[in-house]
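Trainee: Could you take me closely through one part of this model, the salt bridges, and then place that part within the rest of the chain? I would like one connected account rather than a list.

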Amino acid sequence: MSLNRAEQMVFDYVQGHPDEKRHWHDKVSAISVRARDPHEAAMELEGELWRYYEERSAVASPFREVAQREGLRRISLRNLAEYLLRVWAPVKAKKRAEGEAPWRPYA
């Protein structure tokens, strides 16, 4: 999966700040648990990431410099949202249909 420049900047910033990383890890997990499906989770998380990007653009480098140079226009952060859900969200076990036998690879 490739990230656009804004997504990569958010990811690098979060990775470089342990408190931010912990906050986002918890947020990703919470969104994943309450969402009905992965698409809903990604949409919700993408909105949260955009709000974070806007907030950081007022106070933190490198966001502030990019916003000053390019303006603060809406950028898709969907790939980053999907990536974070994939690596940080708890895996949900699929429920078997009633009467379905468990999968056995060597039966």
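Mentor: In this predicted model, a good place to begin is the salt bridge between R5 and E70, whose closest N and O atoms are 3.3 Å apart. R5 lies in helix 1, which covers residues 5–16, and E70 lies in helix 4, which covers residues 63–70, so the pair ties together parts that are 65 residues apart in sequence. The two partners differ in how much of their surface is accessible: R5 is exposed, with a relative accessible area of 63%, whereas E70, at 30%, counts as partly exposed.

E70 has a further partner, because its side chain also meets that of R69 in a salt bridge, with 3.7 Å from N to O, inside the 4 Å limit that defines such a pair. Through shared partners, R5, R69 and E70 are joined into one network. R69 is itself exposed, at a relative accessible area of 58%. As a general matter, side chains of opposite charge can pair when their charged atoms come close.

A useful contrast is the salt bridge between the side chains of E48 and R51, at 3.2 Å from N to O. Both of these residues lie in helix 3, which spans residues 38–59, and they are three residues apart, about one turn of the helix. An α-helix has 3.6 residues a turn, so residues three or four places apart point the same way. Both partners fall in the intermediate class of accessibility, since E48 is partly exposed at 22% and R51 is partly exposed at 46%. A search of the whole structure finds 10 salt bridges, and the pairs described here are among them.

Helix 3 deserves some attention of its own. It has 22 residues and reaches 32 Å from its first C-alpha to its last, close to the 32 Å expected at 1.5 Å a residue. While E48 and R51 are partly exposed, a set of other residues in helix 3 is buried, including A41, A42, L45, L49, W50, Y52 and Y53, together with R56 and S57. The buried residues of helix 3 pack against helix 1, helix 2 (18–34), helix 4 and helix 5, and helix 1 and helix 4 are also the elements that the pair of R5 and E70 ties together.

Helix 3 also takes part in the largest pocket, which has a volume of about 390 Å³. Helix 3 and helix 5, the latter covering residues 78–88, are the elements that give two or more residues to its lining. That lining consists of 16 residues, with S32, D37, P38, L85 and A89 lying nearest the centre of the pocket. By class, the lining has eight nonpolar, two polar and six charged residues.

Turning to the chain as a whole, it holds five helices and zero strands, and from the N terminus on its elements run α-α-α-α-α. Buried residues make up 34% of its 107 residues. Among contacts with a separation of 6 or more, 73% are between residues 24 or more positions apart. The salt bridge between R5 and E70, which links parts 65 residues apart in sequence, shows in one pair how helices distant along the chain are tied together.

Definitions and conventions: Residues are numbered from 1 along each chain as its sequence is written. This is a predicted model: local features need pLDDT of at least 70, side-chain atom pairs count only at pLDDT 80 or more; totals for chains, interfaces and linings use all residues. Side-chain values use heavy atoms; hydrogens and water are left out. Helices (H or I, at least four residues) and strands (E, at least two) are DSSP runs, numbered from the N terminus. Buried means under 20% relative accessible area, exposed over 50%, partly exposed in between (1.4 Å probe, protein chains only). On a 1 Å grid over the protein atoms alone, a cavity is a set of points where a 1.4 Å probe fits but cannot get out, and a pocket is an open set with protein on both sides within 12 Å along at least five of seven lines; lining residues have an atom within 4 Å of a point. Grid points are joined across faces, edges and corners, and a volume is the space filled by probe spheres set on the points. Ala, Val, Leu, Ile, Met, Phe, Trp, Tyr, Cys and Pro count as nonpolar, Asp, Glu, Lys and Arg as charged, and the others, Gly among them, as polar. The expected span of a helix is 1.5 Å times one less than its number of residues. Contact means heavy atoms within 4.5 Å.
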